[in-house]
Amino acid sequence: MTPIHEPLSEDAASRLVQVASLSKSPFVIRGGGTRSLHGTPDGADVLSARGLNGIVAYNPAEMTMTARAGTPLEVVEAALAEKRQMLAFEPNDLRGVLGSSGIPTIGGVFATNASGPRRLTAGAARDSLLGVRFVNGKGEIVKAGGRVMKNVTGLDLVKLLAGSHGSLALLTEVTFRLLPVPETSATIVVSDLNDAEAAAAMATAMSLPVEVSGAAHLPESVRGRFIGGALPPGAATVLRLEGLSASVTVRSEKLVSAMGRFGAVSRLEAEGTKRLWREIRDAAPYADGTPRPLWRVSVAPIAGQQLVAALRLETGVDAFYDWQGGLVWLRMESDPEAALLRRYVKAVGGGHATLLRARPEVLAATQAFQPQTEAILALQSRVKASFDPSGLFKSPMLGWEG
Amino acid sequence: MDQIGFLEPRTSVLSRRREIVADLVDLLPEGCLVHEPRELVPFETDAFVSYRRLPLAVALPETTQQVAAVLKYCHRYGVPVVPRGAGTSLSGGAIPQEDAVVVGLSKMSRILDVDFANRTATVQAGVTNLAISEAVSADGYFYAPDPSSQLACTIGGNIGMNSGGAHCLKYGVTTNNLLGVKLVLVDGTILDLGGKALDAGGLDLLGVICGGEGQLGIVTEATVRLIARPEGARPVLFGFDSSEEAGACVADVIAAGIIPVAIEFMDKPAIEICEAFAHAGYPMDVEALLIVEVEGSEAEMEAMLASIIAIAGRHGVKVVKESQSATEAALIWKGRKSAFGATGRIADYICMDGTVPLGQLPAVLRGTAEIVEKYGLRVANVFHAGDGNMHPLILFNANDPEDAAKAEAAGNEILKLCVDVGGCLTGEHGVGIEKRDLMRHQYSDADLAQQMAVRAAFDAQWLLNPSKVFPLEGRPA
């Protein structure tokens, strides 16, 4: 068993890292351990943030919250729900698709920049993160950012920490902005479009002044696995509207009339909408209990279906699309086909692909994160060293490098 | 007023001036290097005009490769480089120094690609902020961040300072609307970061480049997010008997879960100055004014306005005035956006830029008034209230050194107050040289050391914009 260190305070974490930095004993940083199937490399202990628990400050009137990094996401969301507020970026829960257990933490959400459907219009986790406290690889306690919406005081280290997958520092505390929960929501469903038609329909929807807050395409192969099969037959292209009831009604009428030329249009009310977009967020159709390779691919919105069409000619894939087509959840039949996929990602204009799931031996043998150019790699290593000069924090994102 | 220090010019560079100029002339096409002292004058300062330094030379490259060639040369010979967009920085971010080559991006002003299906525009760094919105306006789109200087300021400068604007309350600032850049590192390496995909892999280098104040590299191209323009937008004026009531109204609107596109605040002195300049129809018998802009369809705007009017009513709103036409709406914004220029017509001023938590707005307004009064000066407040980003304009007489020193001292006290109530020194103007020596008030030594270590990861010799952001004392050797 890999030893697990679970400091109960920021100071304790700082001391622990200071000691480890002297003996150069490496760590893998972990929150709830729900977002990664990567194990730990030989010789590395786990440094867990779970002991850093609790909401530090919640000011609903200012729409900000500060919480210790190990605070369970569900505790944060429950507190927000009481005041009818929410995290704008809809953090996902990957336990279903990864078959992982444990409790997702708020620190883990930001450390992996875990963003759901509303990322398309409301920004990613990194856009909601206002401030952080962290322990760097020297064991120093550092703060960056703050608790106000606009802040350009010094370098924006907050962005660097968001999505750093434990490669730079142990997050100990995060401050983030909130949004009011919309009064109501509805989903406009356009049925039976092929992937290319859906891309055109979604681009049209996003060009209208109706503030679509989610645009996804669920091909026929997955459609039946959403909301208990209640979506109309054929592929479903789904467009979410949120806001004041009166406004959603007006915008919904406009959107319905604009989408009519693409296909049959129906409407899903608030309850169904809530469930549908939660399932899209969590890639529910691929919570299939299998270790079949699952990729999360980010490309330009219009390029998503081009990527899948190209792959289909060469290998067995199943896919659905979020972010107007720009986020592709891609399940391979057997082999992850990493080289093929990366070649086509590049061919459709670039982006990145992350292998989330595969058999352990396959995962260990595959470069799960997007490879970078030499020049960017060199810069990344210098940035890494500026936080963690002795390479204490090992992260699969940087290939476990020191 | 000349208290903020610059780094001592490197004599090794000054003594080689002629040689450096000759080499740069060779590196660049004809007409792309400015070096005659008289011609350097326009580059000696930016919109923070109290400080000025003549640069060694000004390079005005036409391509990314030329930017790379200049940086590679300067890196090799240890010549400092100060990047420059349109020179509209309010914090001195683009002020050069005697041993520095200014790299101005003004010749790189082409829009390279507009992609409506993906809702992106890719532009060269010298394109002005407003030019992006103008280029896509006919197709129903706009680029959201809108600094008051948007007619002149460039997207490269916006990225350098992570610029904001009045409409950021809903749409975010530059960093939230930036998808990718072409970046030239100090040694001339050219990198492509991000692109049309919403997220890039690896560390979020783009996130730290934005707001890097020209210390991490020079951005030559940018891919930004376009947004479908709302059906309609309407600014509405709310007049109050006191700044406190107006401030409390803002906090309550946000707390009620209503997020208009913009909530701008003006106190009486600011109203008088702006009205005299723009004739925007601002009410003159109130102590404080909010410009609240709602957008969407007619029905949506009505619904949102009704809620806001109800809240304002609870705070004793005295005047509610809706704009009745597009011309009136434009005038309301013209008055607001010309606030700094209009103030400049009646007095010299320095503009602060601290951001405070919304609940602290009334207290900080009170504190600001007390500080300024203590120094025997006057203040006009005009700012982005919805996100707590305050802009007190401290009026003084620049010909009176004592007055100028008082203004600077009052400004520093106000910024410290902003930090002390949980805010920050600068919300959108950047640190530049102006707030550099206050950084220790907001950050601990460890905080600053970490930022400086990241800076050094990009520029180990501190050649890029070296006199800015970080206090001159206590830098790594």
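A salt bridge is taken here as a side-chain nitrogen of Lys or Arg within 4 Å of a carboxyl oxygen of Asp or Glu. The model is predicted, so that local features need pLDDT of at least 70 and side-chain atom pairs count only at pLDDT 80 or more, while totals for chains, interfaces and linings use all residues. Residues are numbered from 1 along each chain as its sequence is written, chains are lettered from A and ligands numbered from 1 in the order in which they are written, and side-chain values use heavy atoms, with hydrogens and water left out.

**Exercise 1. Describe the overall form of chain A and of chain B.**

Step one is to list the secondary structure, where helices (H or I, at least four residues) and strands (E, at least two) are DSSP runs numbered from the N terminus. Chain A has 15 helices and 18 strands, and chain B has 17 helices and 18 strands.

Step two is to take the extents along the principal axes. The C-alpha atoms of chain A fill a box of roughly 65 × 50 × 35 Å, and the C-alpha trace of chain B spans about 70 × 55 × 40 Å.

Step three uses the radius of gyration, which is taken over C-alpha atoms and set against a globule rule of 2.2 Å times the number of residues to the power 0.38. For the 402 residues of chain A the rule gives a value near 21 Å for a compact globule, and chain A agrees with it at 21 Å. For the 477 residues of chain B the rule gives a value near 23 Å, with which the 22 Å of chain B agrees.

**Exercise 2. Work out how domain 1 and domain 2 of chain A meet.**

Begin with the bounds, which come from an automatic or database domain assignment. In chain A this gives domain 1 (1–181 + 372–402), domain 2 (184–281) and domain 3 (284–365). The centres of domain 1 and domain 2 of chain A, taken over C-alpha atoms, are separated by 33 Å.

Next, count the contacts, meaning heavy atoms within 4.5 Å: nine residues of domain 1 of chain A are in contact with nine residues of domain 2 of chain A. Then consider buried area, the accessible area (1.4 Å probe) that two parts lose on being put together, summed over both. Between these two domains of chain A it is about 710 Å², with 55% given by carbon and sulfur atoms. On the side of domain 1 of chain A, 53% of the area buried against domain 2 is supplied by A:Pro117, A:Arg118 and A:Leu120, more than by any other three residues.

Finally, look for charged pairs: two salt bridges cross the interface of domain 1 and domain 2 of chain A, and the side chains of A:Glu90 and A:Arg240 meet in a salt bridge with an N to O distance of 2.8 Å.

**Exercise 3. Carry out the analysis for domain 1 and domain 2 of chain B.**

Chain B is divided into domain 1 (111–228), domain 2 (233–339) and domain 3 (347–420). Between the centres of domain 1 and domain 2 of chain B, taken over C-alpha atoms, there are 29 Å, and the contact takes nine residues from domain 1 and 12 residues from domain 2.

The area buried between these two domains of chain B is about 830 Å², of which carbon and sulfur atoms give 54%. B:Ala166, B:His167 and B:Leu169 supply 58% of what domain 1 of chain B buries there, more than any other three residues. The rule finds two salt bridges across this interface of chain B, and the side chains of B:Lys170 and B:Glu295 meet in a salt bridge at 2.8 Å, N to O.

**Exercise 4. Characterise the interface between chain A and chain B.**

First take its extent: 86 residues of chain B are in contact with 67 residues of chain A. The two chains bury about 6,000 Å² between them, 58% of it on carbon and sulfur atoms. In chain B, the residues that lose the most area to chain A are B:Leu198, B:Leu203 and B:Gln450, together 12% of what that side buries.

Then turn to the charged pairs, for which the rule finds eight salt bridges across the interface of chain B and chain A. The side chains of A:Lys143 and B:Asp447 meet in a salt bridge of 2.7 Å, N to O.

Last, ask which element gives the most residues to the side of chain B that touches chain A. The solution is H17(B), with nine residues.
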